[in-house]
Amino acid sequence: MKIETYDGKEQKEIDCIGCAIESGNTNPMKGTIIKTKFFDVHQDFEVPIPGFIIVTSRRHFLSISDFTEEEQIEFITLISKIRKGMKDVLNIEEAYLFQNEDSRHHFHLWMFPRYDWMEKFGRKIESVRPILKYAKENLKTKENLILVEEAVLKMKKYM
Ligand SMILES: [Zn+2]
């Protein structure tokens with residue numbers, strides 16, 4: 001399937017984003033926040049919402065039930081720290097965490113920030129799809145892409 005990067009500059013044919021990251025097939029990797037022993041943390045590739053963070057496993061599997069014990073331990077410490085960073089350096093008071101196993105891509109957790117401008121789309125899970133659509137269609141602006149990059153840099157520094 002073809003994906004377009006959040007800055008609109010690159011289109012790629014990708015089967016599994018997680019495996020593409022791991023194989024180095026997603027150049028340039030400017031959205032990267034941190035790579036740990038078992039996970040890769042980055043700005044969502046397709047959606048230009050500042051602080052919309054994706055945690056992808058470095059191995060190919062679909063479910064949290066496939067975690068090794070080492071992955072389990074690293075994961076909870078990692079996502080707690082990311083969420084704390086989202087609050088402390090990006091001022092994100094509320095976030096949605098979401099992981100779906102029926103994805104084309106391997107294991108990834110969404111850490112989706114709530115901003116005031118999203119209120120017009122409602123709340124909870126049903127608001128997310130229209131927000132993503134709105135962001136892809138309207139937020140690939142120079143001003144907003146700067147905010148996305150700044151959020152990446154702040155989180156990078158925090159982590
Ligand atoms: Zn994969």
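**Exercise 1. A buried glutamine**

Which backbone oxygen does the side chain of Gln 43 reach at 3.0 Å? Find it in this predicted model, then describe the surroundings of Gln 43.

*Solution.*

Step 1. Start with the side chain: at 3.0 Å, the side chain of Gln 43 reaches the backbone oxygen of Val 47. The backbone oxygen of Ile 49 is also reached by this side chain, at 3.1 Å.

Step 2. Place the residue in the fold. Gln 43 belongs to strand E4, which covers residues 39-43.

Step 3. Check the accessibility. The relative accessible area of Gln 43 is 1%, and buried means under 20%, so Gln 43 is buried.

Step 4. List the company Gln 43 keeps. Setting aside neighbours within four places in sequence, its contacts include Tyr 6, Ile 33, Pro 48, Pro 50, Phe 52, Val 148 and Val 152. Gly 31 is another contact of Gln 43; the two are twelve residues apart in sequence, with their C-alpha atoms 4.9 Å apart in space.

**Exercise 2. A second polar residue, this time in a helix**

Find the element that holds Asn 144, and work out which residues Asn 144 touches beyond four places in sequence.

*Solution.*

Step 1. Look in helix H4, residues 142-158, and you will find Asn 144 there.

Step 2. Its relative accessibility is 9%, so Asn 144 counts as buried.

Step 3. With residues up to four places away left out, Asn 144 touches Pro 48, Pro 50 and Leu 139. Compare this with Exercise 1: Pro 48 and Pro 50 are also among the contacts of Gln 43.

**Exercise 3. Following the aromatic rings**

How many aromatic pairs does a search of the whole structure find? Take the pair of Phe 39 and Phe 67 and explain why it is called tilted.

*Solution.*

Step 1. The search turns up 14 aromatic pairs.

Step 2. For Phe 39 and Phe 67, the ring centres are 5.6 Å apart and the planes meet at 55 degrees, so this pair is tilted.

Step 3. Now see what the pair connects. Phe 39 is in strand E4, while Phe 67 is in the loop between strand E5 (53-57) and helix H2 (69-90), so the pair ties together parts that are 28 residues apart in sequence.

Step 4. Are these two rings buried or exposed? Phe 39 is buried, at 0% relative accessible area, and Phe 67 counts as buried at 7%.

Step 5. Set beside them the pair of Trp 117 and Phe 121, which is edge-to-face, with 6.5 Å from centre to centre and 85 degrees between the planes. Here the accessibility tells another story: Trp 117 is partly exposed at 30%, and Phe 121 is partly exposed at 22%.

Step 6. Finish with the cluster. Phe 39 and Phe 67 join Phe 61, Phe 75 and Phe 107 in one aromatic cluster.

**Exercise 4. A serine and its partner**

Which side chain makes a polar contact of 2.8 Å with the side chain of Ser 63? Locate Ser 63 as well.

*Solution.*

Step 1. Go to the loop between E5 and H2, where Ser 63 lies.

Step 2. Ser 63 is buried, with a relative accessible area of 10%.

Step 3. The partner is Glu 101, whose side chain is joined to that of Ser 63 by the 2.8 Å polar contact. Leaving out residues up to four places away, Ser 63 touches Glu 101 and Phe 107; Phe 107 is one of the members of the aromatic cluster in Exercise 3.

**Exercise 5. Stepping back to the whole chain**

How many helices and strands does the protein chain have, and how many disulfides does the structure hold?

*Solution.*

Step 1. Count four helices and seven strands. Read from the N terminus, their order is β-β-α-β-β-β-α-β-β-α-α.

Step 2. The radius of gyration is 15 Å, close to the 15 Å that the globule rule gives for 159 residues, so the chain is as compact as a globular protein of that length.

Step 3. Buried residues account for 47% of the 159 residues. Among contacts with a separation of 6 or more, 57% link residues 24 or more positions apart.

Step 4. The structure holds zero disulfides. As for individual cysteines, Cys 16 counts as buried at 10% relative accessibility, whereas Cys 19 counts as partly exposed at 32%.

Methods:
Residues numbered from 1 in each chain as written. Predicted model: local features only at pLDDT ≥ 70, side-chain atom pairs only at ≥ 80, totals over all residues. Heavy atoms only, no water. Disulfide = S-S within 2.5 Å. Buried < 20%, exposed > 50% of the residue type's maximum accessible area, 1.4 Å probe, protein only. Phe/Tyr/Trp six-rings, centres within 6.5 Å; stacked < 30°, edge-to-face > 60°. Helix = DSSP H or I, 4+ residues; strand = E, 2+ residues; numbered from the N terminus. Contact = heavy atoms within 4.5 Å. Polar contact = N/O pair within 3.5 Å; in protein donor to acceptor, adjacent residues only side chain to side chain. Rg over C-alpha atoms; globule rule 2.2 N^0.38 Å.
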